Amino acid sequence: MTSLPNLYYKQNRLKQLRAFCHTARTGSITLAAESLFLSQPSVSLQIQALEREFGITLFERRGPQIKLTPEGETLYKLAEPLVEGIDKLHETFAEQFGVLESGELNIAAGESTILYILPEPMKLFAEAYPHIRLKLHNVTGRDGLAMLRADEADFAVGSMLEVPDDISYRPVVTYNPTLITALDHPLAKKENLRLADISPYGLILPPRHLSTWRIVDLVFQQHNLTYNVALEAGGWEVIKKYVELGLGISIVTDVCLTGEERLAQIPLNQYFPRRTYGIVQRKGRFLSPQAKRFIDILAQVFVSDGTEHGVMGDEPPDPNRPSMPADIL
């Protein structure tokens with residue numbers, strides 16, 4: 001006859017699996033307990049019950065952090081979609097009837113994405129689903145990935161140039177590399193602009209740790225050319241303003257160009273790769289109905305957009321252009 005304690009724990013399988021999945025995601029029983037509004041001993045008991053039932057060890061300790069064992073990894077892959085599916089059951093059921101009247105959507109993105117990519121999709125989503133709470137998190141790439149891994153964001157939108165093994169990236173739209181100068185700059189009306197023509201002039205670039213600086217350095221090295229950074233400034237809006245004032249020139253992605261700037265714009269596709277922006281997710285993450293709807297709207301906005309940028313798939317990669325290093329979101 002089954003003992004009462006074992007029967008109790010089997011009847012609480014969902015609680016056990018939820019405690020296990022939160023601990024696996026955060027790498028900490030303390031953080032898992034906080035996210036579940038439980039005590040640490042309660043979370044530990046739930047995990048121990050699973051270990052006894054399956055006859056395995058789910059975690060191994062490495063200092064203050066705990067890490068999944070191979071058996072724990074296997075159980076996590078099986079359990080996570082089950083827990084996510086149950087926790088989102090009400091929202092998924094409502095979606096089947098075309099009703100999305102409650103819930104929350106957390107999106108992580110960097111400043112350029114928030115300013116230039118998301119405004120129209122956010123507006124359309126808010127109009128279509130006014131009762132869904134929207135939370136837009138302005139984060140760097142490292143912080144955005146941390147939010148995804150901790151399930152603090154449903155997904156991120158941004159530019160991923162090297163994709164970690166536990167992350168998936170689906171590009172949605174591409175933009176072109178462009179040289180911007182003041183209207184009266186010597187390069188503003190130059191025909192057949194070469195990379196060597198840019199070399200003597202001072203560049204205004206984002207901070208050194210971001211990908212724009214690194215790709216500029218890579219491209220100039222590949223062409224055996226030098227370059228000069230006159231000013232380091234954060235944010236495309238700041239860079240555009242100082243270029244307008246004649247304090248330097250810059251190499252930007254035309255995602256930031258609205259057409260209202262008093263700037264000369266010269267395409268640099270022959271030297272620099274195009275930049276993609278898209279959906280960044282943690283692999284295995286259950287997408288809520290709200291998240292699916294937003295992603296659909298995002299894709300529709302750029303499919304129907306008639307500007308010069310394109311939806312991914314409209315241009316094959318050019319093997320003669322350099323691959324870009326890791327970027328921020």
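Which residues form a nonpolar patch on the surface? The close-ups below, taken from a predicted model, start with that one.

**View 1. A nonpolar patch on the surface brings together Val-238, Tyr-242, Leu-245 and Leu-247.** Together these four side chains offer about 350 Å² of accessible area. Look for Tyr-242 in helix H12, which covers residues 236–244. Tyr-242 is partly exposed, with a relative accessible area of 34%.

**View 2. Helix H9 (residues 141–149) turns one face to its buried surroundings.** Its buried residues are Gly-141, Gly-144, Leu-145, Met-147 and Leu-148. Down the axis of H9 they fall within an arc of 155°, so they line one face of the helix. The general rule is handy here: an α-helix has 3.6 residues a turn, so residues three or four places apart point the same way. The buried residues of H9 pack against five strands you can trace in turn: S3 (104–109), S4 (133–138), S5 (155–158), S6 (167–175) and S12 (275–282). Just after H9, Asp-151 takes a positive phi of about 55°.

**View 3. The largest nonpolar core holds 36 residues.** Ile-117, Leu-118 and Phe-155 have the most contacts inside this core. Elements giving two or more residues to it are S3, helix H8 (119–128), S5, S6, H12, S12 and helix H13 (289–303). H13 gives the most, with seven residues.

**View 4. Phe-155 has many neighbours to find, among them Leu-148 and Phe-294.** Leaving aside residues up to four places away in sequence, Phe-155 also touches Leu-105, Asn-106, Ile-107 and Ala-108. Further contacts of Phe-155 include Ile-279, Val-280, Gln-281, Leu-287, Ala-291 and Ile-295.

How values were computed:
Residues numbered from 1 in each chain as written. Predicted model: local features only at pLDDT ≥ 70, side-chain atom pairs only at ≥ 80, totals over all residues. Heavy atoms only, no water. Buried < 20%, exposed > 50% of the residue type's maximum accessible area, 1.4 Å probe, protein only. Helix = DSSP H or I, 4+ residues; strand = E, 2+ residues; numbered from the N terminus. Arc of directions from axis to C-beta. Contact = heavy atoms within 4.5 Å. Patch = residues over 30% accessible without salt bridge, like charges linked within 9 Å, V, L, I, M, F, W, Y side chains within 5 Å. Areas by Shrake-Rupley, 256 points an atom, 1.4 Å probe, with all protein chains shown as cover. Core = buried A, V, L, I, M, F, W, Y, C linked by side-chain atoms within 4.5 Å.
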